[in-house]
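Thanks for making the time this morning. I would like to walk you through one model, starting from a single strand and working outwards, so please have the sequence and the structure open.

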Amino acid sequence: MTLSRRSMLKAGVAAAALPLLGSRAFAQTEPLKVGFMLIGTVNDNGWNFGHATGAKYMKDQLGDLVAEPTIVENVPEGPDCERVLRELAQSGHKLIFATSFGYGDYVIKVAQQFPDVRFEHATGYQRSDNVGTYNARFYEGRAVCGTIAGHLSQTGKAGYIGSFPIPEVVMGVNAFVLAARKINPEFTITPVYISTWNDPAKEADAARAMIDQGIDIIAQHTDGPAALQVAEERGIVGGFGQGADMSAFAPNAQLTSIIDNWGPHYASAAQAVIDGTWVSQDVWPGIKEGEVEIGAYGPKVTEEVKAAAEAVKNGQADGSLHIFTGPINDHTGTERVAAGVTLTDAELLSMDWYVEGVIPPA
Amino acid sequence: MSTDLLIAIIVTVVGASTPILIAALGELVVEKSGVLNLGVEGMMLIGAITAFLVTFFTGNHYLAILVAAAAGVASSLIFGFLTLSLSANQTATGLALTIFGTGFSALAGQGYSARPVTLLGPLFPAELASHPIWRVLFGYSALVYFAFALVIGVWWFLKRSRAGLILRAVGENDLSAHSIGYSVIGVRYMAVMFGGAMAGIAGACFPLLLTPQWAERMTGGRGWIAVALVVFASWKPFRLLAGAYLFGLVMTMELYAKASGGPLSAIPAELWAAMPYLATVVVLVLISIRRDASTNAPACLGKPFLPAN
Amino acid sequence: MMQFRLEKRREPSKAMLYGTPIVAVLLTMIVGAILFSLIGFDGVGAVREIFITPFTNTYKWQDLGVKAAPLIIIGVGLSIAYRANVWNIGAEGQYVVGGLAATGVALATYQMTGWWILPLMILAGMAGGALYGAIPALLRTRLGVNEILTSLMLTYVSVQAIYYLVRAPWKDPMGMGFPQTRRFAADALLPNILPGTIVHAGVPIAIIVALVAWFVMSRSVFGYQMRVVGAAPHAARYGGFSENRTIWLAFLVSGALAGLAGALEVSGPFQRMVPGFPTNYGFTAIIVAFLGRLDPLGVIFGGLVIAVTFVGGEIAQTSIGLSNSATGVFQAMMLFFLLAGDLLVRYRIRRVTPQAEARA
């Protein structure tokens, strides 16, 4: 069945290249084909770049066991992605990573038609026998950034540029300010949502609007270095690289960066498929597993602050610190999480309220 | 509101308005000649990637602006050849040009999105702009002053110069202009090329004035805002200047309002984003009710010139 | 400037009418292969993957049908409007509002069951698209406002309406906070017509729409009116055809068809309203209408050709790693060639030299 789905052309090439081996024998030694479906371009220096880097890491690790990874860019969240998923499955890809939330419905649908293909959906929540989900605990990285911000900010005000107020972003804002307020109890953060993932000029203007109103630390959840460049140009305390190290754009202003390191997960998932041990699961690794990395610290981060940031990083790695452990008040001052209680993963993944210190958007 | 904040807002608004002002002035001249080029967004993207690449490799911002203008002209010539020499439909050709510009710029810019460049610095020495009040006047790069000069230049050209008179005649009644011996096609070619050059420079504003990098589709639909702006301004350069700053203010105030957390931040982001387009429709209706102004729309807009043989 | 002279044909050339789109596609393949090879890509491979491979298996035929259906439905409406010289370029907005209207019905009837839900959604979609198209029609007929500009502006407004609705009042309560509506209930979903495939009812509907439109345009008084007003407005006025009436009809028909496409897309492939719903079908359909020579049957061809470039573009990404932006360049190139060829339909080109040969 799987062989017959492959195009005649490919079978012909295989037979011509290895005349001594039958196509059956060839199929058994054939490297695993892994597909990646991206919402944007691998050149975005952020989210999609992170996944492409992960794909490369997987190839480097597994060598000849996997084929050169197939990356399909700019796939919209809609019926077009269903077609791309089917195209990947039909062309012999046995493991397919769908790396944007809006692909979820279609991954489930196509997975039913291709029971022998494994699918993994990033940031999603719908699973089936051959669909797993994976995500990264970026909020752990946000807590490290918030710690640095709490120490270094002179005005005690940070801004947070987001695209849409989805739980992933809300979680990041909250983790950031919770960590910062452990250092400076008066610290506040203002999220600004710009309703787009990719409009660098608008991100830059949002950063300018924040700086002009006394904000001296900027974090962003959109892809790209625009806000950091403004931070550098204006000479404020600084900001953080998102998804990748962005110090090339802001050598002084980048305090540190949260690096998406999907590679190890991609390599282990591909290895599991090769070994026949892959099972559908929901994985949410973070700093401990190395999926979320903290990049190099910038020149403004003093040794003392660096030590504090490392302590938060290590605490989360060894499990002694969870930033969402109570007591936590919401932005109106009402207690939401009692002392000693930690929010569950499910509560985090549907977070739609802001903690104390956030100046909430309307 | 403190003076400092007010000045800061003005500086940001000026930055946000400049590319749409330049692109719209180019499109205004094109439309005055009777041609509707909807490819502004595509030509801006071509200008943006060209300006980025030239800056990246030579570090010379002024050369980058010139080459971006030339690239804009080159892309506008595709449009000009099809619509003027071959009388193809202008709407469809303009849309095709935008598709082309989006794809071409992304192709040319592959591998350059992780590379920073530097912004074009202020035109005047820093001492002149040291006081906040003077910063409002002397704190900008040459592109901003170019946009102002362009307003006056386009106004003078259309109202006062003989060539501008011919251009308007071609836009109002191509057959009459043709019958008294003017080259309708030649005039329109010049206008389309001018529009292309301005769209190219407007595109150059993105890596040189707003955010020193290359990102695919980095113009974010502002070419369409420029098209709206021409209509909003009812084809008048000074009204266009006011309109560009009004649109820039709307786009920027959204962000200031949200960053302040004040009462204005209660307005949904979507309404802010829709405002330039809604305002343009409203203005179109208003100028049509006031008959005198509506006549300012070029009579031949969007129609191919087809002289009877 | 080149010294050519255009000579109007008495009748549009039939050979050119049907020949130039095919020539445009062929030229795109040849020039594309050469150009892309010159700039260091696998040009021949790109052309093969984009234009040939989509035809090589039946799965891809399904994809082509599903992708082409909305383009054909919208393109048919636009071809009728453009024939009448009414420049509705806001079909994207009418498509969006049609999809929103259908979504409104689907959400309001979420707890209900019944065969009537889907037809009601489709009617609501058509009504929504027609109403949104009525705005530029009203402004044009009452106030003389240029319809190209108003219909374009309203498109951007409609997209913001989606963002607002799916973010706030229509947000899926079970969607983990993501901006999207709930998945529609079973009776609000467009059925598949062939079991085991992805071909939904929108595909035959698109063909029927094109056939009906072709019949109406070529055989009825309505069609005659649209064509006459478009081709010769002065004559039409003497003949008693009202220009305003034509503008209204053109916008209502093209708006309703765009709305129909929106309703079919949201109830079929999308199954819920998401921010990614505006997929530029409305703008792409403008290209489709021109590829199809503003003829409803030609639009079927145009829709399929464009669908091939989309589907083939994705194949080229998976098989030879050609980037997505290259597909856009191919599409634009094809459109440029087509628009250039348009001229040959209506005109003969004569070189302005003695004893010129008519080249056609």
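Strand β4 of chain A is largely enclosed by the rest of the structure, because five of its five residues are buried, where buried means that 20 or more other C-beta atoms, placed from the backbone, lie within 10 Å of the residue's own, with exposed meaning 12 or fewer and partly exposed anything in between. Please keep in mind that this is a predicted model, in which local features need pLDDT of at least 70 and side-chain atom pairs count only at pLDDT 80 or more, while totals for chains, interfaces and linings use all residues. Residues are numbered from 1 along each chain as its sequence is written, and chains are lettered from A and ligands numbered from 1 in the order in which they are written.

Looking at the two faces of β4(A), A:R118, A:E120 and A:A122 point one way, A:F119 and A:H121 point the other way, and all are buried. Helices and strands here are DSSP runs, numbered from the N terminus, with H or I over at least four residues for a helix and E over at least two for a strand.

What are the partners of this strand? On one hand, β4 (residues 118-122) pairs with β5 (residues 131-134) of chain A in the parallel sense over four bridges, and A:F119 has A:V131 as its bridge partner in β5(A). On the other hand, β3 (residues 95-98) of chain A is joined to β4(A) by four bridges, again running parallel, with A:H121 as the bridge partner of A:A98. Pairing requires that DSSP finds at least two bridges between the strands.

These strands belong to an open sheet of six with the order β2-β1-β3-β4-β5-β11 in chain A and parallel pairing. At its edges stand β2 (70-72) and β11 (282-283), each with a single partner strand, so one side of each is left without a neighbour in the sheet.

Staying in chain A, helix α7 (residues 138-152) is also largely enclosed by the rest of the structure, because 14 of its 15 residues are buried. From first C-alpha to last, α7(A) reaches 21 Å, close to the 21 Å expected at 1.5 Å a residue, the expected span being 1.5 Å times one less than the number of residues.

Turning to chain B, we find 13 helices and zero strands. Its radius of gyration, taken over C-alpha atoms, is 20 Å, which agrees with the value near 19 Å for a compact globule of 309 residues, by the rule of 2.2 Å times the number of residues to the power 0.38. Of those 309 residues, 58% count as buried.

UniProt, in an unreviewed entry, places the feature "transmembrane region" at several stretches of chain B, including residues 6-26 and 271-289, and such annotations may be inferred rather than shown by experiment. In the model, residues 6-26 of chain B are 100% helix, with the end C-alpha atoms 30 Å apart, and residues 271-289 of chain B are 100% helix, with the end C-alpha atoms 25 Å apart.

Finally, the interfaces, where contact means C-beta atoms, placed from the backbone, within 7 Å. Chain B brings 39 residues into contact with 36 residues of chain C, and α4(B) gives the most to that side of chain B, with twelve residues. The contact between chains B and A takes 32 residues from chain B and 32 residues from chain A, and the largest share on the chain B side, six residues, comes from α11(B).

Notes. Contact = placed C-beta atoms within 7 Å.
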